[in-house]
Amino acid sequence: MPEARALTTRLRRPRATLSALAAVAAGGLIAVAFAGCGIAGPSRVDTIGKVDFDKPLAMPPLAESTVDADGTRVFALDARAGATEFEPGEPSSTWGFNGSYLGPTIVAKRGEHVRVEVTNSLEEPTTVHWHGMHLPAEMDGGPHQMVEPGGTWSPEWDIDQQATTLSYHPHPHGETEDHVAQGLAGMFLVQDDAEAALPLPREYGVDDIPVIVQDAGFSSEGEQEPNPRGYAGGLGDELIVNGPRGPYLDVRDEVVRLRLLNASTARTYAFTWSDGRAMELIGTDGGLLEASVELDHVRLSPGERAEVLLRVAPGEELELQSRMTPEIAALVGPVAATNGGTDSFDVLQVRAADQLDPAPAVPERLNSIPAFDEAEVATTRTFELNDSFEINGESMEMGRVDETVTVDTLERWVVENATSVPHSFHVHDVQFRIASIDGAAPPPELAGWKDTIFTEPETEYELLMRFEDYADPNTPYMYHCHLLWHEDQGMMGQFAVVEPGQRATMTEGTHHEH
Ligand code: C2O
Ligand code: CU
Ligand code: CU
């Protein structure tokens, strides 16, 4: 086996600004502005018909667990460096949890108490954040819970939210893009009785399939290349799905469930089926929709998840693809073409067996999602995203709490993307609902539980949420742009959840400069 190449995905970049973009409205001028501020993007990518689909889809293993005397379910994650062969015989240097790339899929049930014993075997500090999880701030794995090289961290919490597809990934301030791009990411599935009672596919790796989508660049030797950068960050010209390139999935059931996770650092996807059949969306970030929705594409920005069902006929073959258009990408003019807004990818080939196991009909009612009563809103806050990687004119400061929220009260967060490009807005600890988009009701695919949203340029999103259970005046949670380069540049803020009348204290952060 040839020696693994040196790391080439290291993504250290000087602080840049997007302000040149805001000043220009005409398409032609935007391209000039990109060149002028040093973030001219890559050229158009189209891999449709060019992917071999010669490797079975790799399934991340299910995380092993033990149960303590007190009933705590205990998992272990070890962040380490290694080498991964995305093509046989062509190792790339990568990072992974308990292996060389990505991490095991953690599964836990609502009502369980879990602990994850995290070890950092890397040579630099990192963290593990439980994206989409409702849990105490100290257990959140954000930039205040750094794990030193050789160190351990053992967060524990009660699983108390709906069945859904969550994820985990590092969150060290200023280094998140790099750590995720090296391969540190995994899925965390929450199960509950309500979902278990529905006739939905749920046999992991058989008819319930994790699909973790990332983009990367490769040289002819299989080395991962530094990606060309658009406004959003590094955009790779090849896809990696759960690991090896060019995967196919053998299906033996009439209906399969795909859990799509956009684990890319910057790229937004528009997932479709190659034959034009509808995407049948059943779940979003925080749980099942009330009813399935048929869509011609599922748009996922970095950090977002979607559960879709696929019905196959015996012997058929089709591909999951991503076909982005400037309209779906919400980018105009030449900016779209240099920022992934016209890119198309073959993602995964599905091969149905000649004999398929029958699947029961999917129920019309999947979940019940009562609306928040806006009359109960206790606090309205606004969050303006600007062209300098700032939120409300501020760049992330580890020692500054930006918002103080009273536990168990209804909050309205008005997120205003005041820039000419999209961002991906994420809030820790909570699942929220979109009350309106520029004053209008959200489309059905955005009407369920969300923790991360694609925010279109010059558009205002009204979100409703309630931070329940966990007050801690000493430890903040994060909200931020989930384009990880933007987050690293400081497009992030901190909020503390406190008891009524309490004030947030801000302890000094444990941020590491290196
Ligand atoms: Cu997925 Cu604060 O992150
Ligand atoms: Cu998160
Ligand atoms: Cu952003």
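This section describes the fold, the copper site, the nonpolar cores and one sheet of a predicted model.

The chain comprises 514 residues, of which 59% are buried. Its secondary structure consists of 7 helices and 34 strands. Of the contacts between residues at least 6 apart in sequence, 78% connect residues at least 24 apart. The accessible surface of the chain amounts to about 18,700 Å², and carbon and sulfur atoms contribute 48% of this area.

Confidence in the prediction averages a pLDDT of 91 over the chain, with 90% of the residues scoring at least 70. The highest value among the elements belongs to strand S7, at 99, whereas helix H2 (residues 27-36) has the lowest, at a mean of 34. The pLDDT lies below 50 over residues 1-39, a stretch that nevertheless has 88 contacts in the model beyond near neighbours in sequence. A pLDDT below 50 is also found over residues 508-514, where 14 contacts beyond near neighbours in sequence are present in the model.

The copper ion (ligand 2) has His129 and His426 as its protein donors; each contributes its NE2 atom, and they lie 1.9 Å from the ion. Distant parts of the chain are thereby brought to one site: His129 belongs to strand S7 (residues 129-131) and His426 to strand S29 (residues 423-427), the two histidines being 297 residues apart. Burial was assessed against a threshold of under 20% relative accessible area. His129 has a relative accessible area of 1% and therefore counts as buried. His426 is likewise classed as buried because its relative accessibility is 0%.

Nonpolar side chains in soluble globular proteins tend to be buried together. In this model, the largest nonpolar core contains 41 residues, and the members with the most contacts inside it are Trp413, Phe425, Val427, Leu463, Phe467 and Phe495. When residues up to four places away in sequence are set aside, the residues touched by Phe467 include Val405, Val407, Trp413, Val427, Phe495 and Val497. Phe467 also touches Asp408, Thr409, Glu411, His428 and Asp429, among others. A second core, separate from the largest, has 34 residues, among them Val213, Val256, Leu320 and Val347.

An open sheet of mixed pairing is built from 6 strands in the order S1-S17-S25-S24-S19-S22. The edges are occupied by S1 and by strand S22 (298-300); each has a single partner strand, so one side of each lacks a neighbour in the sheet. Strand S1 (residues 55-56) runs parallel to S17 and is joined to it by 2 bridges. Lys55 stands opposite Pro247 of S17, and Pro56 has Tyr248 as its bridge partner in that strand. Strand S17 is also joined to strand S25 (residues 344-357), through 5 bridges and again in parallel. Within this pairing, Asp250 stands opposite Arg351 of S25. Because 5 of the 7 residues of S17 (residues 247-253) are buried, this strand is largely enclosed by the rest of the structure.

Notes
Residues are numbered from 1 along each chain as its sequence is written. Chains are lettered from A and ligands numbered from 1 in the order in which they are written. This is a predicted model: local features need pLDDT of at least 70, side-chain atom pairs count only at pLDDT 80 or more; totals for chains, interfaces and linings use all residues. Side-chain values use heavy atoms; hydrogens and water are left out. Donors are N, O and S atoms within 2.8 Å of the metal (3.2 Å for Na, K and Ca); water is not among the atoms, so sites may look incomplete. Helices (H or I, at least four residues) and strands (E, at least two) are DSSP runs, numbered from the N terminus. Buried means under 20% relative accessible area, exposed over 50%, partly exposed in between (1.4 Å probe, protein chains only). A nonpolar core is a set of buried Ala, Val, Leu, Ile, Met, Phe, Trp, Tyr and Cys residues joined through side-chain atoms within 4.5 Å. Contact means heavy atoms within 4.5 Å. Accessible areas come from the Shrake-Rupley method with a 1.4 Å probe; for residues, only the protein chains shown count as cover. pLDDT is the predictor's confidence in each residue, from 0 to 100. Two strands pair if DSSP finds at least two bridges between them.
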